[in-house]
Amino acid sequence: MTSDIAAILGIDGIATGAVYALVAIGTVLIFTVTRVIFIPFGDIAAFTALTLAALDAKRFPGTGSLVVVLACLATLIEILSLLRAGELRLLPRALLFYLVLPLAVVGAAWLTMRIEPPLVVRLVLALMLITPIAPLLDRIVFRPIADGSVLLLLTVSVALHYALVGLGLLFFGPEGVRTEPLTSFSTEFAGVLVSGQTMLIVIAALLFSGLLYLFFDFTLVGKSLRATAVNRTGSRLMGIRPARAGTIAYLLGSLMAGVSGILIAPVNTVFYDSGFLIGLKAFVGAIVGGMTSYPGAAIGAVGVGILESFASFESSALKDVIVFSLLIPILIWRSLASLHSEEEIEE
Amino acid sequence: MTRFHVQLAAIAAVVCLALAPFVLSPFSITLMNYIGIYSLVAIGLALLTGVGGIVSFGQAAFVGVAAYATAWVSALNGYSPWLGLVFGVVLTCAVAAILGVVTLRLQGHFLSLSTVAWGLAIGFLFGNVEGLGRFNGISSIPPISIGSFALVSSAQIYFLIWGIVAAVLLLGYNLLDSRLGRAMRALRGGNTLVESLGINAFRIKLVTFVIAAALASLSGWLYAHMSRFISPGPFDAGMGIEYLMMSMVGGAGSLLGGVVGAAVVTLLKNSVQDYLPLIAKGASGQLEIVAFSALFILFLQWARQGIVPFVARYLPKIRRERPQPAPPLPRRAQPAPGELLLKVEGAERRFGGLVAVNNVSFEVRSGEILAVIGPNGAGKSTMFNCLTGALRVNKGEVVFAGRPITRDAQSRIARAGIARTFQHVKLRPRMSLLENVMLGTYARTRTGLLAGAFRLNRHEEASTRHEALMQLERVGLGDKPFELAGNLPLGNQRILEIARALAADPTLLVLDEPAAGLRRQEKLRLAELLRTLRADNLTILIVEHDMEFVMSLVDRIVVLDFGSKLCEGAPAAIRSDERVQEAYLGGVA
């Protein structure tokens with residue numbers, strides 16, 4: 001391997017890694033606030049790409065129908081749980097959040113479609129359509145078992161991923177898509193050609209991590225999310241609703257997953273089931289950060305991207321084997337690193 | 001219901017299974033074969049996940065390793081499938097042992113995540129290795145033959161499959177009812193208790209893990225020679241989830257639940273395939289996985305305990321006989337009264353900047369009750385954990401019965417003769433009183449895996465049961481040995497912990513705040529019990545802050561305050577010591 005090839009692989013890896021980083025940060029966000037290891041984030045990313053492709057092709061994306069179905073389900077469940085709790089006065093609010101808002105988003109997207117909007121609007125539409133999915137899934141799937149063990153939540157999350165893959169095939173069909181590059185700009189960097197798309201990916205990853213940092217450190221909502229992450233009961237006593245914190249976390253997380261989906265769509269062909277590997281690799285990155293640190297997750301995800309890039313050069317067939325085998329030493333390292341705290345908790 | 005009724009039901013089930021192929025259609029027999037093959041994996045998972053508390057998403061990979069191994073031996077190299085069986089099982093167990101050694105020390109969800117990781121890695125391997133047919137798989141795998149009789153049709157291999165399932169169930173239930181099985185069942189709920197009983201938790205986990213993998217390998221072998229063709233598909237991560245689902249639906253922790261779960265999931269999948277096209281034409285394949293995942297999620301939300309435990313609640317309880325007298329287990333040589341038993345020399349333990357225990361020294365002599373007391377935060381529990389090996393001292397030395405145990409693991413210290421109880425009671429609530437106490441005898445007995453599974457341990461098992469009953473009677477809980485430990489009130493749970501500790505035949509009994517949370521009557525009874533134990537020449541070390549309880553009971557007291565030893569002496573002397581009064585009540589104003 002010459003240094004030229006290494007540089008190309010490195011840049012390629014950083015770009016892939018930056019995409020994983022966005023998903024990884026979302027994963028950490030959800031995990032810290034709700035303790036759910038949200039495997040389907042990769043699916044959300046893939047669905048965004050598919051949504052954008054459908055919009056580009058002037059077809060109304062399946063995401064719309066998916067959101068409608070999920071919104072109806074969530075509303076039904078919410079009404080049932082309100083009935084059981086005897087809190088029907090909260091019904092208008094529930095209808096607004098679980099039915100009217102998602103349907104309004106879908107309706108707005110459907111109307112905007114008519115006028116053949118420019119690319120920027122299509123990007124916004126794709127993100128708008130994708131963001132309600134995770135919060136609705138949270139209401140339907142995770143809220144009833146929010147106090148379960150991490151393992152139970154993980155098992156449910158894995159099952160949910162399979163449901164989503166099936167729905168993806170149903171709503172988007174088996175064809176893979178590759179969208180138009182967002183920019184045709186390219187430049188030479190240290191003797192290696194770097195495409196504008198790559199730069200865009202890295203910039204987006206940096207930008208969103210930065211925004212998240214600001215959000216968590218300088219806004220009350222961000223702080224309430226952090227409080228929920230540290231101690232659910234304690235924050236409940238302080239008047240923070242963990243359920244609401246969870247919804248915000250899911251919204252933010254799916255926004256990040258959506259952005260990563262848009263960024264990856266012009267680089268890789270995306271299928272309805274591409275999300276699993278994106279999600280899992282992001283997840284490997286998140287584990288590097290111990291599932292709690294955002295910079296750690298970002299660095300880990302970029303590391304996974306670079307590793308994958310070099311591994312696929314050495315043996316493209318075995319690149320996934322290499323990436324996932326690497327997870328085991330990382331897990332051991334993390335588990336050892338977290339042993340101290342557990343020892344002290346036992347005191 | 002008695003044991004006899006259970007045996008009768010089992011025989012009836014076996015007869016039904018044996019007659020089934022003569023009644024059922026060929027399609028149903030094939031379905032039954034799949035159920036049997038999946039059952040083996042699900043039974044393994046019931047052991048691993050339900051019993052041992054290790055959630056594995058990767059069992060499908062083990063099935064695959066064995067299936068590919070036997071296909072490689074028989075289809076590609078032309079040897080007998082039986083050689084393939086040996087190779088497959090050995091290879092799978094070796095892979096599992098290596099993975100287990102590497103990953104089983106991981107905690108909680110880290111461990112499960114690692115199973116996702118290696119499950120995926122191995123799954124990808126099948127499709128990408130040169131010489132294993134890549135994604136086309138391996139075809140023309142020969143059938144299994146017994147002598148010259150080849151098991152070609154599904155009605156023929158049926159008997160082999162269900163014979164193996166029945167044998168596995170029998171051996172599995174035997175195992176769970178043996179010394180090793182009880183240790184496995186104790187894994188769920190944390191290592192601290194398990195280690196304190198002298199059980200090497202890691203080893204038990206590893207054994208459980210390898211057993212589950214071995215069962216998966218049997219399944220893989222049968223699968224390869226039944227379908228006569230393998231490709232990576234049936235061994236991918238999705239199938240790993242499905243196996244987990246089977247064992248959870250059937251009832252995690254129940255071996256029979258593995259079979260029931262495999263049957264329910266397979267039949268459900270089959271009927272979903274039949275009926276979904278009626279609801280949505282042309283989209284059945286996609287909807288199948290959606291419907292299936294949705295059902296699984298609903299199941300996890302609303303009926304987590306599974307089918308078998310649910311049904312078992314409505315069946316009459318199995319009446320058990322009280323253990324019969326049996327030859328006693330061998331006892332430890334006890335030191336002479338008054339001999340130096342435990343010596344703590346300059347112990348120090350820091351947590352970051354906080355010195356929890358600072359240069360503490362004291363001695364315990366055989367036959368006495370010594371109390372370590374002190375106000376909240378005095379370092380009592382830290383001291384206690386250092387003695388029992390739950391924590392290590394940073395400085396100083398602990399010598400027990402003439403041997404330094406400063407650096408020993410918890411289980412070694414337990415085996416040396418220190419038995420403990422816990423401040424926050426640690427019992428296995430779903431095991432009976434008798435079984436909880438039998439856990440205590442682990443270090444005194446030696447029945448291994450095979451002896452347990454094949455019931456070659458009758459004598460030792462009888463002695464163990466009798467010993468446990470005797471200890472229950474000794475502490476006054478002998479009237480209902482088959483009650484579940486979780487049903488006892490807190491006071492009795494603490495007493496039960498003492499019975500369990502006694503079952504280990506300890507030289508030194510260490511009790512961590514035994515009176516905490518007890519009512520007055522319960523405290524009196526506890527004190528009475530400890531007095532009788534002292535009369536039996538047992539040495540007892542109590543960590544406690546209930547002064548009244550301690551003063552009337554113990555021979556000597558060591559007072560800790562802010563991590564340091566304040567003073568030491570007889571209760572009367574401690575009571576009048578000004579430093580102690582100041583520590584407890586504040587300075588004289």
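These notebook entries record what I looked up in the structure above, which is a predicted model.

**Entry 1. Chain B as a whole**

I began with the overall extent of chain B. Its C-alpha atoms fill a box of roughly 90 × 55 × 50 Å along the principal axes. I then listed its secondary structure, which comes to 23 helices and 12 strands. Of the 589 residues in chain B, 51% are buried. I also looked at how far apart in sequence the contacting residues of chain B lie. Taking contacts between residues at least 6 apart, I noted that 75% join residues at least 24 apart.

**Entry 2. Strand β5 of chain B**

Is strand β5 of chain B, residues 369–373, enclosed or open? I found that five of its five residues are buried, so the strand is largely enclosed by the rest of the structure. I checked the two faces separately. B:Ile369, B:Ala371 and B:Ile373 are buried on one side, and B:Leu370 and B:Val372 are buried on the other.

I next looked up the pairing of β5(B). Four bridges join β5(B) in parallel to strand β10 of chain B, residues 539–543. Within this pairing, B:Ile369 has B:Ile540 as its bridge partner. β5(B) also pairs in the parallel sense with strand β11 of chain B, residues 556–561, again over four bridges. Here I noted B:Val372 opposite B:Val558.

**Entry 3. The antiparallel sheet of chain B**

I turned to an open sheet of four strands in chain B, whose order is β4-β3-β6-β7 and whose pairing is antiparallel. Its edge strands are β4 and β7 (403–404), each of which pairs on one side only. In the interior of the order, I followed β3 (residues 340–351) and β6 (residues 395–400), which pair in the antiparallel sense over five bridges. B:Glu348 stands opposite B:Lys395 of β6(B).

A helix also belongs to this picture. α14(B) lies across β3, β4 and β6 of chain B and runs at about 60 degrees to β4(B).

I then examined one residue of the edge strand β4 (residues 354–365), namely B:Asn359. Its phi is near 50 degrees, a positive value in a residue other than glycine. B:Asn359 is partly exposed, with 14 other C-beta atoms within 10 Å.

**Entry 4. Where chain B meets chain A**

I counted the residues on both sides of the contact: 37 of chain B touch 35 of chain A. On the side of chain B, the elements that give two or more residues are α4 (81–103), α5 (108–128), α10 (237–251), α12 (284–302) and α14 (380–388). Which element gives the largest share of the side of chain B that touches chain A? I found α5(B), with 13 residues. By type, the residues on this side divide into 23 nonpolar, 13 polar and one charged. α14(B), one of the contributing helices, is also the helix that lies across β3, β4 and β6 of chain B.

**Entry 5. Helix α4 of chain A**

I compared the length of α4 of chain A, residues 91–114, with expectation. At 1.5 Å a residue, its 24 residues should span 34 Å, and the end C-alpha atoms are 33 Å apart, which agrees. The helix nevertheless has a kink of about 35 degrees at A:Val100, shortly before the proline A:Pro102.

I listed the buried residues of α4(A): A:Ala94, A:Phe97, A:Tyr98, A:Pro102, A:Val106 and A:Ala109. I recalled that an α-helix has 3.6 residues a turn, so residues three or four places apart point the same way. The buried residues of α4(A) pack against α3 (62–85), α5 (119–130) and α6 (133–142) of chain A. Just after the helix, A:Glu116 takes a positive phi of about 45 degrees.

**Entry 6. Helix α2 of chain A and the loop before it**

I repeated the length check on α2(A). Its 16 residues should span 22 Å at 1.5 Å a residue, and the end C-alpha atoms are 23 Å apart, which agrees. α2(A) is mostly covered, with 15 of its 16 residues buried. Just after α2(A), I noted a positive phi of about 60 degrees at A:Lys58.

Finally I looked at A:Arg35, in the loop between α1 (3–34) and α2 (41–56) of chain A. Its phi is near 65 degrees, positive in a residue other than glycine. Is A:Arg35 buried or exposed? I found A:Arg35 buried, with 21 other C-beta atoms within 10 Å.

Terms used: Residues numbered from 1 in each chain as written. Chains lettered and ligands numbered in written order. Predicted model: local features only at pLDDT ≥ 70, side-chain atom pairs only at ≥ 80, totals over all residues. Expected span 1.5 Å × (residues − 1). Bend = angle between axes of the 7 residues up to and from the residue. Buried ≥ 20, exposed ≤ 12 C-beta atoms within 10 Å, placed from the backbone. Contact = placed C-beta atoms within 7 Å. Pairing = 2+ DSSP bridges. Nonpolar A, V, L, I, M, F, W, Y, C, P; charged D, E, K, R; others polar. Axes fitted to C-alpha atoms, helices over the stretch in contact; angles between N-to-C directions.
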